[in-house]
Amino acid sequence: MLVAKLFSKIYKKGGIVLEDHSGQKYICGKPDFNNPLTLKILNKKLNWKLLINPDLSFPEAYMKGEIKISNGTLLDFLNLTFENLGRGEINKSGYFIKKILHLWRFLTNYNLPIKSKKNVEHHYDRGEDLYDLFLDKKHRQYSCAYWKSSNETLEDAQQNKINHIIKKLNLRPGQKVLDIGCGWGSMCFEIAKQSECEVTGITLSKNQYEHCKKKAKELKLDNQCHFELVDYRHLKGKFHRIVSVGMLEHVGRKFYKTFFKKINDLMTDDGVSLVHTIGSTNPKGPPAPFIQKYIFPGGLVPSGSDLMDAVEKTGLVLSDMESLIHHYDKTLEAWLDRFSQNREKAKRIYSENFCKMWEFYLASCSAAFRYRDLLVYQLQIVKNYTAIPSNRRDYIYN
């Protein structure tokens, strides 16, 4: 079986039992024979489909129920596979197809305001019920948490992340703060609570916009927090502090320079900006085809060189850069656990196919952050050296 040969090449550590559509079993690597993780392939065509374009064919087959996993979970399988792959590709065929699709996407895809709004609506306006099935209850934060210890709750870790970012902003009473891509407003609300600042949050999601306005009134913060349904490129004004968490992944490589130039335009001369984004440790490359097609159309994870190029070309100063490693894999695993606990409810609201898609999204991303090329960058950006304290990080950690 061709797929069995592929898996046998992948597994240098551990292994699986592969079972084809006819029930024939193949040993790939060195599985635990007492309780071997078993992958069952129920469609004969997958024997060649998984070789040609594994990055898309595997998740689509899983969504259709053409792949079954026993003696372990989907996350167990992906962790084992990605640990063996490391930062390498599954095979050359899949890599070349990704490169071709990436080239085509680069030539045809432009995240202009109208397209950006449609992309955001595809993911964030699926319905508010979905996000309550797996995000933290306190803040509904849909980005990487900050884990100070393994026994913290998801709510603890998300509060840590918010506090960490607020410290980096080095806020002062009376300042105007902008949150680009404010989500459901929790960063805005926490900034307002922890400072005497006026906060503006912007989003392209109508659902998030309506939620933010309602929540601001409930918290009696509507005199301090304001929200706009607007593309960042159309915003005007001046702000002492600018924060953006999990939004840059939606901008697209063609518009990184536009994004940071807009920060330059909006930020006061003594201002500070904090950009929190997923990043890749690999050079500039194509997006994951499954994520691109089903989860975040128009999205792309920037490489470190993408970020540096854009910041430098807009005349801004990178005053601090922190890499968060082994924080997002824990966050995604926590989300997956909560989604699994609410799976029957999700199935009633959406469908079995949707549940499998969402499970693969959360599990594959968790495994990728743990073993492949993904991490989180926090970029603190200024116009002038004097915008931040000279004692560097003391003001963040004290």
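Reader: Which residues in α3 meet which residues in α16?

Author: Phe 58, Pro 59, Tyr 62, Met 63 and Lys 64 in α3 meet Asn 353, Lys 356, Met 357, Glu 359 and Phe 360 in α16, where contact means heavy atoms within 4.5 Å. By class, this contact has six nonpolar, one polar and three charged residues. This is a predicted model: local features need pLDDT of at least 70, side-chain atom pairs count only at pLDDT 80 or more, and totals for chains, interfaces and linings use all residues. Residues are numbered from 1 along each chain as its sequence is written, and side-chain values use heavy atoms, without hydrogens and water.

Reader: What makes α10 a helix of the expected span?

Author: A helix is a DSSP run of H or I with at least four residues, and its expected span is 1.5 Å times one less than its number of residues. Helix α10 (residues 206-218) has 13 residues, so it should span 18 Å; its end C-alpha atoms are 19 Å apart, which agrees.

Reader: Which residues of α10 are buried, and how do you know that they line one face?

Author: Gln 208, Tyr 209, Cys 212 and Ala 216 are buried, that is, under 20% relative accessible area with a 1.4 Å probe (over 50% is exposed). Seen down the axis of α10, these residues fall within an arc of 100°, so they line one face. On the other side of α10, Lys 214 and Lys 217 are exposed.

Reader: What angle do α8 and α14 make, and how far apart are their axes?

Author: Helix α8 (residues 154-169) and helix α14 (residues 328-341) pack at about 145°, with axes 11 Å apart; angles run from 0 to 180 degrees between N-to-C directions.

Technical notes
Helices (H or I, at least four residues) and strands (E, at least two) are DSSP runs, numbered from the N terminus. The arc is that of the directions from the helix axis to the C-beta atoms. Ala, Val, Leu, Ile, Met, Phe, Trp, Tyr, Cys and Pro count as nonpolar, Asp, Glu, Lys and Arg as charged, and the others, Gly among them, as polar.
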